[in-house]
Amino acid sequence: MNEPLDGSALSQYFLLPTDASEAPVTGIWAERRRLASIMRTVIEHLTVADTPESELREAADTLQHLAAQLGAHPRRRKRDDIADTATPMDKHALIDFSPLIGLSNPISPPLELTLDGNTLRGRLRFGTAYEGPPGCAHGGCIAAVFDELLGYAQSLTSLPGMTGTLTIRYRVPTPLHTELHCEARVQRISGRKIFCVGRLYAGETLCAEADGVFLASR
Ligand SMILES: CCCCCCCC/C=C\CCCCCCCC(=O)SCCNC(=O)CCNC(=O)[C@H](O)C(C)(C)COP(=O)(O)OP(=O)(O)OC[C@H]1O[C@@H](n2cnc3c(N)ncnc32)[C@H](O)[C@@H]1OP(=O)(O)O
């Protein structure tokens with residue numbers, strides 16, 4: 001059975017990234033994103049730069065101080081039914097703290113998503129922190145990107161579920177420091193099973209393909 005995608009269904013959880021990017025982000029969210037962006041840069045320098053020991057020690061001392069300062073505040077109130085990172089007031093929070101697309105999460109590459117008809121498209125660039133084979137992206141990081149991409153695509157069916165099986169075919173090594181683009185769509189739905197497919201490219205080169213089976217909640 002095929003069911004049409006319905007982008008509006010997702011709004012019950014949060015805004016689509018496309019909508020969210022149009023919303024002005026100010027105040028606390030702007031500062032969270034700025035901090036995450038700087039942290040990403042720190043991570044890149046840590047993994048690439050030939051920094052002298054004394055400067056590393058100084059940087060670690062500075063960050064230790066910041067960690068203590070940030071850790072002195074109470075945890076935000078949780079939205080227990082959806083995600084550890086979301087709060088009742090912040091619909092963007094589930095997106096903003098995502099490990100793949102979250103602009104307020106420094107471990108996200110980040111992956112940028114847009115909806116184009118029934119196809120979900122993404123763009124990203126892997127830095128050195130995501131290195132597997134020399135000069136190439138780690139296969140596990142590529143799998144994580146597909147999990148997010150296909151997971152997002154399946155959530156647009158209004159039957160959001162969890163990943164049951166994710167199969168990746170790594171066709172050629174995926175380069176670091178290169179603009180990558182990816183796409184995913186729902187192929188078919190059978191009962192609670194949502195079958196999705198996705199592809200990741202560097203330019204015209206197909207780097208990896210994915211098939212995913214997601215299980216809608218009972
Ligand atoms: C649920 C609410 C979700 C809320 C979503 C919020 C909005 C989302 C918005 C934005 C998305 C953002 C993007 C995020 C993306 C990230 C996604 C992840 O990383 S998810 C974490 C990793 N996945 C797990 O941890 C699963 C752990 N496994 C399980 O919980 C279960 O095993 C589960 C649910 C997958 C299946 O358990 P059963 O008890 O429901 O399944 P049974 O009833 O035994 O089987 C039903 C049918 O499914 C098949 N099936 C069962 N397990 C399968 C599997 N693993 N793979 C394929 N098919 C499976 C069976 O063969 C059966 O098929 P037959 O009806 O007989 O034809």
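Student: Over residues 135–205, how far apart are the end C-alpha atoms?

Tutor: Over residues 135–205 the chain of this predicted model is 24% helix and 45% strand. The UniProt record, an unreviewed entry, annotates residues 135–205 as "domain: Thioesterase". Taking the two ends of that stretch, their C-alpha atoms are separated by 16 Å.

Student: In what order do the elements of the chain run from the N terminus on?

Tutor: The chain contains five helices and six strands, and these are the elements to be placed in order. Reading from the N terminus on, the elements run α-α-α-α-β-β-α-β-β-β-β.

Student: Which strands stand at the edges of the sheet?

Tutor: The six strands form an open sheet with antiparallel pairing, in the order β1-β2-β4-β5-β6-β3. A strand at an edge has a single partner, so one of its sides is left without a neighbour in the sheet. The twist from one strand to the next averages 20°. The strands standing at the edges are β1 (112–116) and β3.

Student: Which residue in β6 does Val197 stand opposite?

Tutor: Strands of a sheet pair through backbone hydrogen bonds, and the sense may be parallel or antiparallel. Here β5, which spans residues 193–202, pairs with β6 in the antiparallel sense over 10 bridges. Across from Val197, the residue in β6 is Asp211.

Student: At about what angle does α5 run to β3?

Tutor: Helix α5 lies across β1, β2 (119–124), β3, β4 (180–190), β5 and β6. Compared with the direction of β3, helix α5 runs at about 135°.

Student: Which elements give two or more residues to the shell around the ligand?

Tutor: The ligand is surrounded by 18 residues, the closest being Gly151, Ser155, Pro160, Gly164 and Thr165. The elements giving two or more residues to this shell are α5 (139–155), β3 (161–170) and β6 (205–216).

Student: How many charged residues does the shell around the ligand have?

Tutor: Sorted by class, the shell around the ligand includes six nonpolar residues and eight polar ones. The charged residues in that shell number four.

Student: Is Ser217 buried or exposed?

Tutor: Ser217 belongs to the segment after β6, and its C-alpha atom lies 26 Å from that of Ile142, 75 residues away along the chain. A residue counts as exposed if 12 or fewer other C-beta atoms lie within 10 Å of its own. With 8 other C-beta atoms within 10 Å, Ser217 is exposed.

Student: What percentage of contacts between residues at least 6 apart in sequence join residues at least 24 apart?

Tutor: The chain has 218 residues, and 27% of them are buried. Among its contacts between residues at least 6 apart in sequence, the share joining residues at least 24 apart is 61%.

Notes: Residues numbered from 1 in each chain as written. Predicted model: local features only at pLDDT ≥ 70, side-chain atom pairs only at ≥ 80, totals over all residues. Near = placed C-beta within 6 Å. Helix = DSSP H or I, 4+ residues; strand = E, 2+ residues; numbered from the N terminus. Nonpolar A, V, L, I, M, F, W, Y, C, P; charged D, E, K, R; others polar. UniProt positions renumbered as here; feature names shortened; annotations may be inferred. Pairing = 2+ DSSP bridges. Axes fitted to C-alpha atoms, helices over the stretch in contact; angles between N-to-C directions. Contact = placed C-beta atoms within 7 Å. Buried ≥ 20, exposed ≤ 12 C-beta atoms within 10 Å, placed from the backbone.
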